[in-house]
Amino acid sequence: MCDLLRINTDRGVMINDGQSRFSIKGKPIYHFVGTSTFSEYTVTHVGCVAKINPAAPLDKVCVLSCGISTGFGATVNVAKPKKGQTVAIFGLGAVGLAAAEGARVSGASRIIGVDLNPSRFNEAKKFGVTEFVNPKDYDKPVQQVIAEMTNGGVDRSVECTGSVQAMISAFECVHDGWGVAVLVGVPNKDDAFKTHPMNLLNERTLKGTFFGNYKPRSDLPSVVEKYMNKEMELEKFITHAVPFSEINKAFDLMLSGESIRCIIRMDG
(Lines give C-alpha, C1' and ligand atoms only; values in the text may rest on other atoms or scores of the structure.)
Protein backbone atom coordinates (compact mmCIF):
# COMPACT_ATOMS: atom_id res chain seq x y z
CA MET A 1 0.00 0.00 0.00
CA CYS A 2 3.00 2.33 -0.23
CA ASP A 3 2.49 5.61 -2.09
CA LEU A 4 5.29 4.70 -4.48
CA LEU A 5 3.52 1.71 -5.99
CA ARG A 6 -0.15 2.26 -5.28
CA ILE A 7 -1.97 2.23 -8.60
CA ASN A 8 -2.70 5.71 -9.87
CA THR A 9 -4.59 5.41 -13.13
CA ASP A 10 -4.29 9.15 -13.81
CA ARG A 11 -0.49 9.36 -13.48
CA GLY A 12 0.66 7.67 -16.68
CA VAL A 13 4.30 8.76 -16.21
CA MET A 14 7.40 7.52 -14.40
CA ILE A 15 7.66 8.60 -10.78
CA ASN A 16 11.17 10.01 -10.64
CA ASP A 17 10.89 12.60 -13.43
CA GLY A 18 7.19 12.79 -14.28
CA GLN A 19 7.88 11.85 -17.91
CA SER A 20 6.69 9.07 -20.20
CA ARG A 21 9.23 6.61 -21.61
CA PHE A 22 7.31 6.15 -24.88
CA SER A 23 6.40 8.41 -27.77
CA ILE A 24 5.17 8.25 -31.33
CA LYS A 25 5.77 11.03 -33.83
CA GLY A 26 6.99 13.26 -31.04
CA LYS A 27 3.90 12.83 -28.88
CA PRO A 28 4.07 10.97 -25.55
CA ILE A 29 2.34 7.64 -25.01
CA TYR A 30 1.40 7.36 -21.36
CA HIS A 31 2.03 4.35 -19.13
CA PHE A 32 -0.90 2.17 -18.06
CA VAL A 33 -1.13 1.70 -14.26
CA GLY A 34 2.64 1.75 -13.97
CA THR A 35 3.30 -1.24 -16.22
CA SER A 36 2.47 -0.52 -19.89
CA THR A 37 2.02 -4.19 -20.66
CA PHE A 38 0.77 -4.07 -24.26
CA SER A 39 4.22 -3.73 -25.81
CA GLU A 40 7.08 -6.07 -26.62
CA TYR A 41 9.45 -3.96 -24.50
CA THR A 42 8.60 -1.72 -21.58
CA VAL A 43 10.07 0.45 -18.85
CA THR A 44 8.73 -0.11 -15.36
CA HIS A 45 9.59 0.87 -11.83
CA VAL A 46 11.83 -1.63 -10.03
CA GLY A 47 9.13 -2.00 -7.35
CA CYS A 48 6.81 -3.51 -9.98
CA VAL A 49 9.24 -6.28 -10.94
CA ALA A 50 9.18 -9.71 -9.29
CA LYS A 51 11.76 -12.44 -9.98
CA ILE A 52 10.00 -15.77 -10.52
CA ASN A 53 11.02 -19.35 -11.25
CA PRO A 54 12.68 -19.24 -14.71
CA ALA A 55 11.07 -22.58 -15.56
CA ALA A 56 7.56 -21.14 -15.19
CA PRO A 57 5.71 -20.85 -18.54
CA LEU A 58 5.10 -17.13 -19.06
CA ASP A 59 2.00 -17.71 -21.17
CA LYS A 60 0.36 -19.28 -18.10
CA VAL A 61 1.72 -17.47 -15.05
CA CYS A 62 1.12 -14.05 -16.63
CA VAL A 63 -2.49 -14.30 -15.41
CA LEU A 64 -1.18 -14.22 -11.84
CA SER A 65 0.04 -10.65 -12.28
CA CYS A 66 -3.45 -9.24 -11.70
CA GLY A 67 -6.80 -10.98 -11.98
CA ILE A 68 -6.15 -14.43 -10.54
CA SER A 69 -4.02 -13.31 -7.61
CA THR A 70 -6.48 -10.52 -6.81
CA GLY A 71 -9.55 -12.75 -6.66
CA PHE A 72 -7.92 -15.80 -5.10
CA GLY A 73 -6.17 -13.70 -2.47
CA ALA A 74 -9.33 -11.74 -1.68
CA THR A 75 -10.90 -15.00 -0.55
CA VAL A 76 -8.04 -16.90 1.08
CA ASN A 77 -6.13 -13.93 2.53
CA VAL A 78 -8.94 -11.52 3.42
CA ALA A 79 -12.39 -13.19 3.60
CA LYS A 80 -10.81 -16.37 5.01
CA PRO A 81 -13.87 -18.66 4.90
CA LYS A 82 -13.74 -21.64 7.21
CA LYS A 83 -14.40 -25.15 5.97
CA GLY A 84 -18.14 -25.72 5.54
CA GLN A 85 -19.10 -22.04 5.38
CA THR A 86 -21.16 -20.36 2.66
CA VAL A 87 -19.67 -17.82 0.25
CA ALA A 88 -21.29 -15.47 -2.28
CA ILE A 89 -19.23 -14.21 -5.23
CA PHE A 90 -20.47 -11.09 -7.03
CA GLY A 91 -19.23 -11.03 -10.62
CA LEU A 92 -18.06 -14.12 -12.49
CA GLY A 93 -15.32 -12.69 -14.67
CA ALA A 94 -11.69 -13.72 -14.19
CA VAL A 95 -11.38 -12.08 -10.78
CA GLY A 96 -14.69 -13.49 -9.51
CA LEU A 97 -13.89 -16.99 -10.70
CA ALA A 98 -10.52 -16.79 -8.97
CA ALA A 99 -12.38 -15.73 -5.80
CA ALA A 100 -14.65 -18.76 -6.23
CA GLU A 101 -11.59 -20.96 -6.67
CA GLY A 102 -10.29 -19.60 -3.37
CA ALA A 103 -13.58 -20.50 -1.71
CA ARG A 104 -13.44 -23.98 -3.23
CA VAL A 105 -9.95 -24.76 -1.96
CA SER A 106 -10.94 -23.34 1.44
CA GLY A 107 -13.65 -26.00 1.67
CA ALA A 108 -16.76 -23.82 1.37
CA SER A 109 -19.96 -25.87 1.45
CA ARG A 110 -21.93 -23.54 -0.83
CA ILE A 111 -20.55 -21.04 -3.32
CA ILE A 112 -23.24 -18.77 -4.75
CA GLY A 113 -22.31 -16.95 -7.96
CA VAL A 114 -24.08 -13.67 -8.72
CA ASP A 115 -23.90 -12.23 -12.23
CA LEU A 116 -26.11 -10.45 -14.77
CA ASN A 117 -24.77 -12.62 -17.61
CA PRO A 118 -26.34 -16.11 -17.41
CA SER A 119 -23.92 -17.49 -20.02
CA ARG A 120 -21.19 -17.40 -17.35
CA PHE A 121 -22.96 -19.75 -14.98
CA ASN A 122 -22.09 -23.04 -16.63
CA GLU A 123 -18.38 -22.16 -16.89
CA ALA A 124 -18.34 -21.14 -13.21
CA LYS A 125 -19.06 -24.71 -12.12
CA LYS A 126 -15.44 -25.57 -12.97
CA PHE A 127 -14.40 -23.16 -10.22
CA GLY A 128 -16.58 -24.61 -7.50
CA VAL A 129 -19.70 -22.44 -7.88
CA THR A 130 -22.65 -24.52 -6.71
CA GLU A 131 -25.58 -22.11 -7.15
CA PHE A 132 -26.35 -19.14 -9.37
CA VAL A 133 -28.34 -15.97 -8.93
CA ASN A 134 -29.12 -13.46 -11.66
CA PRO A 135 -30.42 -10.27 -9.98
CA LYS A 136 -32.53 -9.54 -13.07
CA ASP A 137 -34.65 -12.63 -12.34
CA TYR A 138 -36.07 -11.15 -9.12
CA ASP A 139 -38.26 -8.20 -8.20
CA LYS A 140 -36.49 -7.70 -4.87
CA PRO A 141 -32.90 -6.83 -3.91
CA VAL A 142 -30.45 -9.64 -4.54
CA GLN A 143 -29.16 -9.40 -0.96
CA GLN A 144 -32.65 -10.31 0.23
CA VAL A 145 -32.73 -13.26 -2.18
CA ILE A 146 -29.41 -14.56 -0.85
CA ALA A 147 -30.45 -14.06 2.77
CA GLU A 148 -33.56 -16.16 2.15
CA MET A 149 -31.50 -18.85 0.41
CA THR A 150 -29.07 -19.12 3.32
CA ASN A 151 -31.23 -18.70 6.42
CA GLY A 152 -30.12 -15.17 7.24
CA GLY A 153 -27.13 -14.56 5.00
CA VAL A 154 -23.85 -16.04 3.82
CA ASP A 155 -20.77 -16.30 6.02
CA ARG A 156 -18.54 -14.53 3.50
CA SER A 157 -19.02 -12.52 0.32
CA VAL A 158 -16.53 -11.22 -2.23
CA GLU A 159 -17.48 -8.44 -4.67
CA CYS A 160 -15.60 -8.44 -8.00
CA THR A 161 -17.56 -6.09 -10.26
CA GLY A 162 -16.71 -2.47 -9.53
CA SER A 163 -20.46 -1.72 -9.33
CA VAL A 164 -21.22 0.20 -6.16
CA GLN A 165 -24.67 -1.40 -6.03
CA ALA A 166 -23.05 -4.85 -6.10
CA MET A 167 -20.76 -3.71 -3.29
CA ILE A 168 -23.73 -2.70 -1.17
CA SER A 169 -25.50 -5.98 -1.95
CA ALA A 170 -22.37 -7.98 -1.08
CA PHE A 171 -22.20 -6.30 2.32
CA GLU A 172 -25.90 -6.56 3.07
CA CYS A 173 -26.12 -10.26 2.14
CA VAL A 174 -23.72 -11.47 4.85
CA HIS A 175 -25.01 -12.83 8.15
CA ASP A 176 -25.42 -10.68 11.25
CA GLY A 177 -22.86 -11.36 13.98
CA TRP A 178 -20.04 -12.90 11.94
CA GLY A 179 -20.51 -12.18 8.23
CA VAL A 180 -17.55 -10.68 6.36
CA ALA A 181 -17.82 -8.87 3.01
CA VAL A 182 -14.72 -8.09 0.94
CA LEU A 183 -14.75 -5.43 -1.79
CA VAL A 184 -12.38 -6.01 -4.71
CA GLY A 185 -13.80 -4.10 -7.70
CA VAL A 186 -12.74 -0.52 -8.45
CA PRO A 187 -15.76 1.86 -8.41
CA ASN A 188 -16.28 5.03 -10.39
CA LYS A 189 -14.66 8.02 -8.69
CA ASP A 190 -18.04 9.66 -7.97
CA ASP A 191 -19.66 6.58 -6.42
CA ALA A 192 -20.77 6.58 -2.79
CA PHE A 193 -21.26 3.47 -0.65
CA LYS A 194 -24.51 3.80 1.30
CA THR A 195 -25.89 1.34 3.84
CA HIS A 196 -27.79 1.61 7.08
CA PRO A 197 -25.53 1.90 10.15
CA MET A 198 -27.42 -0.98 11.79
CA ASN A 199 -25.72 -3.32 9.34
CA LEU A 200 -22.45 -2.47 11.06
CA LEU A 201 -23.91 -2.34 14.55
CA ASN A 202 -25.21 -5.87 13.97
CA GLU A 203 -21.56 -6.94 13.71
CA ARG A 204 -21.15 -7.47 10.04
CA THR A 205 -17.62 -6.72 8.83
CA LEU A 206 -16.75 -4.78 5.67
CA LYS A 207 -13.25 -5.05 4.24
CA GLY A 208 -11.44 -3.91 1.13
CA THR A 209 -8.39 -5.39 -0.54
CA PHE A 210 -5.80 -4.47 -3.11
CA PHE A 211 -4.23 -7.27 -5.18
CA GLY A 212 -5.68 -9.86 -2.79
CA ASN A 213 -3.37 -8.68 0.01
CA TYR A 214 -0.39 -10.13 -1.81
CA LYS A 215 2.80 -8.07 -1.89
CA PRO A 216 3.90 -8.39 -5.52
CA ARG A 217 7.69 -8.47 -5.15
CA SER A 218 7.79 -10.84 -2.20
CA ASP A 219 4.59 -12.90 -2.62
CA LEU A 220 4.17 -13.44 -6.37
CA PRO A 221 7.13 -15.84 -6.63
CA SER A 222 5.50 -18.12 -4.06
CA VAL A 223 2.16 -17.99 -5.89
CA VAL A 224 3.97 -19.03 -9.07
CA GLU A 225 5.46 -21.94 -7.11
CA LYS A 226 1.94 -23.04 -6.14
CA TYR A 227 1.21 -23.42 -9.85
CA MET A 228 4.51 -25.17 -10.51
CA ASN A 229 3.78 -27.61 -7.66
CA LYS A 230 0.28 -28.28 -9.10
CA GLU A 231 -1.39 -26.71 -6.05
CA MET A 232 -3.12 -24.16 -8.27
CA GLU A 233 -4.73 -24.52 -11.71
CA LEU A 234 -4.27 -21.74 -14.25
CA GLU A 235 -5.13 -23.36 -17.57
CA LYS A 236 -8.87 -23.33 -16.87
CA PHE A 237 -8.76 -19.55 -16.53
CA ILE A 238 -7.45 -19.13 -20.09
CA THR A 239 -10.16 -19.35 -22.74
CA HIS A 240 -8.44 -17.74 -25.75
CA ALA A 241 -4.94 -16.96 -26.96
CA VAL A 242 -4.49 -14.40 -29.73
CA PRO A 243 -1.41 -12.84 -31.33
CA PHE A 244 -0.40 -9.29 -30.47
CA SER A 245 -1.51 -8.14 -33.92
CA GLU A 246 -5.10 -9.13 -33.01
CA ILE A 247 -5.20 -7.47 -29.61
CA ASN A 248 -8.48 -5.72 -30.43
CA LYS A 249 -10.07 -9.12 -31.01
CA ALA A 250 -9.12 -10.02 -27.43
CA PHE A 251 -10.92 -6.96 -26.12
CA ASP A 252 -13.97 -7.78 -28.26
CA LEU A 253 -14.06 -11.31 -26.82
CA MET A 254 -13.92 -10.02 -23.25
CA LEU A 255 -16.57 -7.35 -23.86
CA SER A 256 -18.88 -9.93 -25.42
CA GLY A 257 -18.59 -12.16 -22.36
CA GLU A 258 -17.14 -15.04 -24.41
CA SER A 259 -13.79 -14.87 -22.68
CA ILE A 260 -12.77 -15.32 -19.05
CA ARG A 261 -9.23 -14.28 -19.82
CA CYS A 262 -7.37 -13.75 -23.08
CA ILE A 263 -3.65 -14.27 -23.39
CA ILE A 264 -1.91 -11.95 -25.82
CA ARG A 265 0.98 -13.78 -27.50
CA MET A 266 3.70 -11.18 -27.89
CA ASP A 267 5.56 -13.39 -30.37
CA GLY A 268 2.51 -13.95 -32.55
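Here are a few notes on helix 2 and the nonpolar cores in this predicted model.

1. Start with Ser69, which sits in helix 2. Ser69 comes out as buried, because its relative accessible area is 1% and the cut-off for buried is under 20%. Beyond the residues up to four places away in sequence, Ser69 touches Leu64, Ala74, Phe211, Gly212, Tyr214, Leu220 and Val223.

2. Now go along to Val76, also a helix 2 residue (the helix covers residues 67-79). Buried or partly exposed? Val76 is partly exposed, since its relative accessible area is 23% and buried would need a value under 20%.

3. Who does Val76 meet outside its own stretch of sequence? With neighbours within four places left aside, the contacts of Val76 are Gly102, Val105, Ser106 and Tyr214. Have a look at Arg104 too: Val76 and Arg104 are 28 residues apart in sequence, with 9.9 Å from C-alpha to C-alpha.

4. On to the largest nonpolar core, which counts 37 residues. Leu64, Ile89, Val158 and Leu234 have the most contacts inside it. Helix 2 gives two or more residues to this core, as do strand 3 (86-90), helix 3 (94-105), helix 4 (121-124), strand 7 (180-183) and helix 8 (216-228).

5. Val158 is worth a click. Setting aside neighbours within four places in sequence, Val158 is in contact with Ala74, Thr75, Ala79, Ala88, Ile89, Phe90, Ala99, Val182 and Val184.

6. Don't skip the second core, which is separate and has 15 residues, among them Ile112, Val114, Phe171 and Cys173.

How values were computed. Residues are numbered from 1 along each chain as its sequence is written. This is a predicted model: local features need pLDDT of at least 70, side-chain atom pairs count only at pLDDT 80 or more; totals for chains, interfaces and linings use all residues. Side-chain values use heavy atoms; hydrogens and water are left out. Helices (H or I, at least four residues) and strands (E, at least two) are DSSP runs, numbered from the N terminus. Buried means under 20% relative accessible area, exposed over 50%, partly exposed in between (1.4 Å probe, protein chains only). Contact means heavy atoms within 4.5 Å. A nonpolar core is a set of buried Ala, Val, Leu, Ile, Met, Phe, Trp, Tyr and Cys residues joined through side-chain atoms within 4.5 Å.
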